[in-house]
Amino acid sequence: MSIEATDEVLAGLEHWRAMPAAHQPTWPDADALEAVTSELREWPPLVFAGEADSLRQKMAAAARGEAFVLQGGDCAETFAESTADRIRNKIRTILQMAAVLTYGASVPVVKLGRMAGQYAKPRSSDLETRDGVTLPVYRGDAVNGHAFTAASRTPDPERLLRAYHHSATTINLIRAFTQGGYADLRLVHDWNRGFMSNPAYARYEVLAAEIDRAMRFMDAAGVDFEALKTVDFYSSHEALLLDYEAALTRIDSRTGDPYNTSAHFLWIGERTRQADGAHVDLLSRVRNPIGVKLGPTTSGDDALALMDKLNPEGEPGRLTFITRMGAGRIRDVLPGLVERVTADGRPVTWVCDPMHGNTITSPSGYKTRELATILDEVRGFFEVHQALGTVPGGLHVELTGDDVTEVLGGSEEVDDAALASRYETLVDPRLNHQQSLEMAFDVAEMLRGH
């Protein structure tokens, strides 16, 4: 028997509309937006409430140090790159990183793709000017196009329907790859085929051989390998476009509770985390596990206010704080924040985003990051938690499964001159496949040490 939501719950889901909503597009036609969101409200959910409940339990385990969260994917997905090969490459990269972390640090890894919905980004300005021409800024494929023309840059609500369809096909492919045998841990060698020889891949092959030996031992001992054939792989994105997220909020027929069915895990960005804002209000009313990005200006009062709004009862696994402090500030800023939250007593899963606080402009003018600086922030994250006796619960990274040249450094040195060869991102620079593996090996060592 299905359980209906109360009138109070349904009214609460619309309360965000009366609150300040930062970083929303200026849709030129309100009637067109209403027609699109009305259509979205009738379409099937992209994920299911029971899956979100399962993830919430795993996020609680990560908060206790019984698991480690690996969240990775594009800065901003594009419709053009929603191809089977690109999606498979990202899944493979996360699976390889998870294998390194699991085997290297003997810890279960919660696999969370920054995929199947990351089609919008907050921007620092509403407008962009080139050669005397001013147009709306590119806000992601769910809003407008990247080409610098008036037709492309005008926000178009029909793109929300395309975002739904691309998210649906991506989730279908994720399920096919992770439930259909591709993610079988006995394929660790196959995941690395087709890549050129370099130190990161050579190191991975050594680990893959060790996993092979362990598998043969377990096979000889009569272990049932059924559990190794599939993996749980969850979707996530920033809950930025409130009209889209509200339209995909559904009432669970089991409980009468609302869930956001656009993804298993949603997070609120550093720029939209106002405790009295619309984003916090909407996500406070859904049952998904949720995250909040916290930058270096976050105060202890800010963190507690977010806890009061988003997890007042202190439910384990409900709330994740994703810190993005910058390598130069994390060791100074994070301790006070962690101490204040820990003293409160309500559980929080701490995850490190070492990407967004370390963006620079290269001499040749590219927006980039340095792998060494990224790793230094992760190291600082672990050092702070080690000193305080708290749990470093996970890692949140922007990555791709392709051999792009967007982040400086790595064992095959990407220097400033090399950035131009395969700089493909439309927004922020991502780790390539090789750099992602290098990070996984370094983080596995940090986890072992912790």
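Begin by selecting C75, H356, E398 and D428, the positions covered by a "binding site" annotation in an unreviewed UniProt entry. Although these residues span 354 residues in sequence, no two of their C-alpha atoms are more than 9.9 Å apart, so they gather at one spot. The model on the screen is a predicted one.

**First stop: E398**

Select E398 within this group. E398 belongs to strand 14, which comprises residues 394–398. Is E398 buried or exposed? E398 counts as buried, because its relative accessibility is 0%. Now display the surroundings of E398, leaving out residues up to four places away in sequence. Among the residues that E398 then touches are C75, H356 and D428, which carry the UniProt annotation together with E398. The list of contacts also includes G73, K121, M355 and R369, as well as P429, R430 and L431. R114 is another residue touched by E398, and a polar contact of 2.9 Å joins the side chains of E398 and R114.

**Second stop: D428**

Move next to D428, which is found in the loop between strand 15 (407–408) and helix 13 (433–449). D428 counts as buried because its relative accessibility is 6%. Which residues does D428 touch, not counting those up to four places away in sequence? They are C75, K121, H356, K367, R369, E398 and E406. Draw a distance between the side chains of D428 and K367 to find a polar contact of 2.5 Å.

**Third stop: R114 and a further annotation**

Return to R114, whose side chain meets that of E398. R114 lies in the loop between strand 2 (109–113) and strand 3 (127–130), and it counts as buried because its relative accessibility is 1%. The unreviewed UniProt entry places a "binding site" feature at R114, E270, R271, K293 and R324; select these residues together.

**Fourth stop: E270**

From that selection, centre the view on E270. Its place is in the loop between strand 8 (265–268) and helix 9 (278–284). E270 is buried, with a relative accessible area of 19%; the cut-off for buried is under 20%. Leaving aside neighbours within four places in sequence, E270 is in contact with K293 and R324, both of which are listed with it in the UniProt feature. L294, G295, T297 and T298 are also in contact with E270. Two polar approaches of the E270 side chain may be displayed here. One is a polar contact of 2.9 Å with the side chain of R273; another reaches the backbone nitrogen of G295 at 2.7 Å.

**Fifth stop: the cavities**

Turn now to the enclosed spaces. How many cavities of 30 Å³ or more does a search of the whole structure find? The search finds three.

The largest cavity has a volume of about 90 Å³. To show its lining, select G117, Y119, A120, A142, A163, S167, H237, E238, L240, L241, Y244 and E245. The elements that give two or more residues to this lining are helix 6 (158–179), strand 5 (233–238) and helix 8 (242–247). Colour the lining by class to see seven nonpolar, three polar and two charged residues.

The second largest cavity has a volume of about 70 Å³. Select D74, A76, E77, T78, E81, E424, T425, L426 and R430 to display its lining. R430, one of these lining residues, is also among the residues touched by E398. By class, this lining divides into two nonpolar, two polar and five charged residues.

Note on methods
Residues are numbered from 1 along each chain as its sequence is written. This is a predicted model: local features need pLDDT of at least 70, side-chain atom pairs count only at pLDDT 80 or more; totals for chains, interfaces and linings use all residues. Side-chain values use heavy atoms; hydrogens and water are left out. On a 1 Å grid over the protein atoms alone, a cavity is a set of points where a 1.4 Å probe fits but cannot get out, and a pocket is an open set with protein on both sides within 12 Å along at least five of seven lines; lining residues have an atom within 4 Å of a point. Grid points are joined across faces, edges and corners, and a volume is the space filled by probe spheres set on the points. Helices (H or I, at least four residues) and strands (E, at least two) are DSSP runs, numbered from the N terminus. Ala, Val, Leu, Ile, Met, Phe, Trp, Tyr, Cys and Pro count as nonpolar, Asp, Glu, Lys and Arg as charged, and the others, Gly among them, as polar. UniProt positions are given in the numbering used here, feature names are shortened, and annotations may be inferred rather than shown by experiment. Buried means under 20% relative accessible area, exposed over 50%, partly exposed in between (1.4 Å probe, protein chains only). Contact means heavy atoms within 4.5 Å. A polar contact is a pair of N or O atoms within 3.5 Å; within protein, one must be able to donate a hydrogen and the other to accept it, and residues adjacent in sequence count only if both atoms are side-chain atoms.
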